[in-house]
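Please open the structure in the viewer and keep the sequence panel visible. The tour proceeds by selections, each followed by a short description.

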Amino acid sequence: MVKFVGANQEYGMVEAPTVDALFDQSKQQYHELLQRANGLPRDTISTIFIFSLPQLLCNHPEFVQMLDNKALEAVLRVVVLDEIHLHVQQGTSFRKEIHELRPIFFDRIFDKRRGKLHQKIIFATDTLYR
């Protein structure tokens, strides 16, 4: 089952696809998502919350390119890296893809030489300790 949530509203559309599931189960839906995201104009009233594992970003340059394009157009607003507590606790031994994301994703998206940055990064964890 592909995890995909969407809603059409009077003031725009909201989507929340899990890209990994789309890619694994329906390459057509994955490519349709890329097309919709690539087609979002700067003054869009639509929102796409894209959920992805670091592995997908590392292994699919077309997806990173789409995000990079949206960053340049000031359409990409927020990048969230979840489960950051695991990276902090386990250091470089945890998910080598997180380290691989720096040159292929983070250095490009958050390059200050591009001018004003419109996107923010959020490091998240929902693990609580007593």
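The stops below concern two helix pairs and a pocket.

The model is predicted, so that local features need pLDDT of at least 70 and side-chain atom pairs count only at pLDDT 80 or more, while totals for chains, interfaces and linings use all residues. Residues are numbered from 1 along each chain as its sequence is written, and side-chain values use heavy atoms, with hydrogens and water left out.

First, select helix 2 (residues 27–38) and helix 4 (residues 61–72), which pack at an angle of about 15° with their axes 10 Å apart. Helices here are DSSP runs of H or I, at least four residues, and strands are runs of E, at least two, numbered from the N terminus. Axes are lines fitted to C-alpha atoms, for helices over the stretch in contact, and angles run from 0 to 180 degrees between N-to-C directions. Helix 2 is therefore roughly parallel to helix 4 (an angle under 35 degrees).

Next, show the side chains of Y30, L34, A37 and N38 in helix 2, which meet E62, F63, M66, N69 and K70 in helix 4 (contact means heavy atoms within 4.5 Å).

Keep helix 4 and add helix 6 (96–109). The axes of helix 4 and helix 6 come within 10 Å and cross at roughly 10°. Helix 4 is therefore roughly parallel to helix 6. Here V64, Q65, L67, D68 and A71 in helix 4 meet I104, F105, R108 and I109 in helix 6.

Finally, select strand 3 (47–48), helix 3 (54–59) and strand 4 (78–81); these, helix 4 and helix 6 each supply at least two residues of the lining of the largest pocket. On a 1 Å grid over the protein atoms alone, a pocket is an open set of points where a 1.4 Å probe fits, with protein on both sides within 12 Å along at least five of seven lines, and lining residues have an atom within 4 Å of a point.

Methods:
Parallel < 35°, antiparallel > 145°, perpendicular 65-115°, else oblique.
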